[in-house]
Amino acid sequence: MNPAIKNPLLFALVAVLIIGTGVMQGWNSALLILNMGLISAIMALGVNLQWGFAGLFNIGVMGFVALGGLATVLISMPPVTEAWSAGGIQIILGLIAGAATITAAVFAQRRFQGRKRTFITLGVLIIGFFVYRAVFDAGVIAVEAVNPAVSGYLGGLGLPVLLAWPVGGLLAAGAAWIIGKTALGLRSDYLAIATLGIAEIIIAIMKNEDWLGRGVKNVIGLPRPVPYEIDLQQDPGFVERAISLGLDPVTASTLYTKIGYALLFTVVLLVLLWLAQKALNSPWGRMMRAIRDNEVAAEAMGKDVTARHLQIFILGSAICGIAGAMMTTLDGQLTPGTYQPLRFTFLVWVMVIVGGSGNNFGAVLGGMLIWFLWVQVEPLGLWLMNILASGLDEASPLRGQLIESAAHMRLLTMGVILLLVLRFSPRGLIPER
Amino acid sequence: MDFLNALVAFANFVFVPGLAYGAQLAIGALGVTMIYGILRFSNFAHGDTMAFGTAMTIKFTGLLLAAGITFGPLPTALLALPAGIAATCLLVLFIDWLVYQFYRDQKASPVILVIVSMGVMFVMNGVVRFVIGVRDIRFADGERFLITAREFKEMTGLNEGLAIKTTQAITVVVAFVVMALLFWFLNKTRTGKSMRAFSDNEDLALLSGINPDWVVKVTWMIVAALATTAGVLYGLDKSFKAFTYFQLLLPIFAAAIVGGLGSPLGAIAGGFVIAFSEVTITYAWKKVLVYLMPESLEPDGLVQLLSTDYKFAVSFAILIIVLLFKPTGLFKGQSV
């Protein structure tokens, strides 16, 4: 089929699916799927930038998404002044000592030669580590002792939450710079393992460093960029308008906030999509694809492959960070315990591959479509299993197992979809032009 | 006496657990390295293959126990292990026929195969959850300890006890047997030699009449056996949970890469390097140092370099250091 007809049809299909959900299961569910679908589409754009444009195999998406979430807390929560006075300065000093140690070690590496170099570097690292632990630990203990049931952390800056989205991108970009500097020279599957490991480490840090984001105690009640339902319900003007539209005020208020989020997310998605399209069709984008297709030839043409890879790795990770900050804003809470690689790394990869790697519209389509399936496969599976089990006796153990197993349908379905697309349509639904 | 106490404390908390964990990682890494050497891709489904094998073994153990069969003082799971291996063999051969063979015939690039293995990972993860659920399962039975801390103290009169769990002893013994068998197979048998030839130089091997399909099949069977064994040993020692096995992927890959991908000897060395560094860096050394240092110098804190939650960070840091200074690993591995 002509892509000019096929592509709009595919997007129309996603729209029909979401509208269908609205009609069948209620508009609140449909908007929930839409909102997370938009965020997923942004994550897919980020991964597509790395994989589709440059062929970088990053499976540490989860880590960048989580860093974006952390940025939301650091920007939008009010600072805990007690904690700052108890040990905030000391923590900062500890971190500075840690950074100074690493800088000194790198400096020693460059400055000295031979055996002297090894001894001095090791010495600096060991002494620095103990100094860092001594200063840092005391601060952490002091901060975490401050009212641990509700705070026990340093809090944020108390700035508007929307500011957290770009900051989330910056935080992810910073992490990507460090990772890229060390790991981008490696072969593709080494880079994969390296990013997988980094993501796990970022999650481990967020779970354990309670002074930073309360760890597994979670930060709840993050400020929102849209009004609270309860405020809307108490606003007579809103109630009047809702009734005039034939809606009851409670439903109307939940829909109103969700539509607010949807509009915000759509704006971000469109801006990023526009930028990504511009990049794809610019000389820079062509250079990227040239490097992806033949690194040696590109290098012979005088292109700095490692520097370009670093650049696009940072950009893609930053987009994932933005998406992570948006997601945490939507959830209204930061829960480091819920970040799982299958959901936040590998699912995004399924989105990119199914949508069409190398095509930004493909990534967006994949993000929305796969997210829809991820949500809907479970009720669908349950419905299917109920039909299968309907012939069986109520008490039969097989019936119980069939119905219980519906909960695990998601992973299986995603794997099957990925394998089918790779086999029969390896370039995805909307292939690269 | 103090020195002996310190030594026993060290053995009890660092050496014995590290040895068992290292053996488990080494067998896991052997599987990864075999796939890499012969099929030439990093298999992300390896953790889930381990989980599947263990899940099957647990099911068969249940059947054996229901039939009233136990293995005396040893865990019954060891009796069920061959059946678990057979089931895993069938599954991976089926998956290879259904999925991987197509890409091999196409001579697809390794990174495509890695993405395919991601799909297989999803499917296997789902299958394992279908089969056995997501709960934490302990399936070790029989004698719990080879020697308990109390017995050891009574025997030697030392302050510190040395406890050796049966599962730890079994792990080390089984791992040794498995490694010996594997090296015998690779070095002495005709099929093993052709596998090594295939790994070294595919074109030359094909030219000399080696049947690639047979080599691939045997590789998958060996990998299934290794993965199931590693999974069952780990599960006996700790416990079985589908998600933990998925997370084992990281230390296992770290072990295989540190040792040099494609090198079996390297995988074993890598397994122990990763295991011992994880254990030593996250262990609270106070208990050992108390015996060694004069009273005035005794440490106040726990002398734990990093909290145990950061064990991933340790395997990862070692991985990066080795890659930066010796990109092909400790034992010279391949690079595609």
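This passage walks through a predicted model, going from the domains of chain A to the chain A–chain B interface, the fold of chain B and one of its helices.

Chain A splits into two domains: domain 1 takes in 3-79 + 155-424, while domain 2 covers 80-154. Measuring from C-alpha centre to C-alpha centre, domain 1 of chain A and domain 2 of chain A sit 34 Å apart. Where they meet, seven residues of domain 1 of chain A are in contact with twelve residues of domain 2 of chain A. On the domain 1 side of that meeting point, the chemistry is a mix of three nonpolar, two polar and two charged residues.

Turning to the interface between the chains, 32 residues of chain A are in contact with 30 residues of chain B. On the chain A side, the elements that put in two or more residues are α7 (188-208), α15 (341-355) and α18 (409-424). Of these, α7(A) supplies the largest share, with 13 residues. By class, the side of chain A that touches chain B comes out at 20 nonpolar, seven polar and five charged residues.

As for chain B itself, its secondary structure amounts to 14 helices and two strands. The radius of gyration of chain B is 21 Å, close to the 20 Å that the globule rule gives for 336 residues, so chain B is as compact as a globular protein of that length. Along the principal axes, the C-alpha atoms of chain B fill a box of roughly 70 × 55 × 35 Å. Of its 336 residues, 45% count as buried. If one takes the contacts in chain B with a separation of 6 or more, 76% of them are between residues 24 or more positions apart.

Helix α3 of chain B (residues 77-106) gets a closer look. With 30 residues at 1.5 Å a residue, α3(B) should span 44 Å, and its end C-alpha atoms are 40 Å apart, which agrees. There is a kink to report all the same: α3(B) bends by about 50° at B:Tyr100. B:Tyr100 is also one of the buried residues of α3(B), a list that includes B:Ala77, B:Ala80, B:Leu81, B:Gly84, B:Ile85 and B:Thr88. B:Val92 and B:Tyr103 are buried as well. An α-helix has 3.6 residues a turn, so residues three or four places apart point the same way. The buried residues of α3(B) pack against three other helices of chain B, namely α2 (46-66), α4 (110-132) and α9 (212-237). Just after α3(B) comes B:Lys107, with a positive phi near 55°.

Notes:
Residues numbered from 1 in each chain as written. Chains lettered and ligands numbered in written order. Predicted model: local features only at pLDDT ≥ 70, side-chain atom pairs only at ≥ 80, totals over all residues. Domains from an automatic or database assignment. Contact = placed C-beta atoms within 7 Å. Nonpolar A, V, L, I, M, F, W, Y, C, P; charged D, E, K, R; others polar. Helix = DSSP H or I, 4+ residues; strand = E, 2+ residues; numbered from the N terminus. Rg over C-alpha atoms; globule rule 2.2 N^0.38 Å. Buried ≥ 20, exposed ≤ 12 C-beta atoms within 10 Å, placed from the backbone. Expected span 1.5 Å × (residues − 1). Bend = angle between axes of the 7 residues up to and from the residue.
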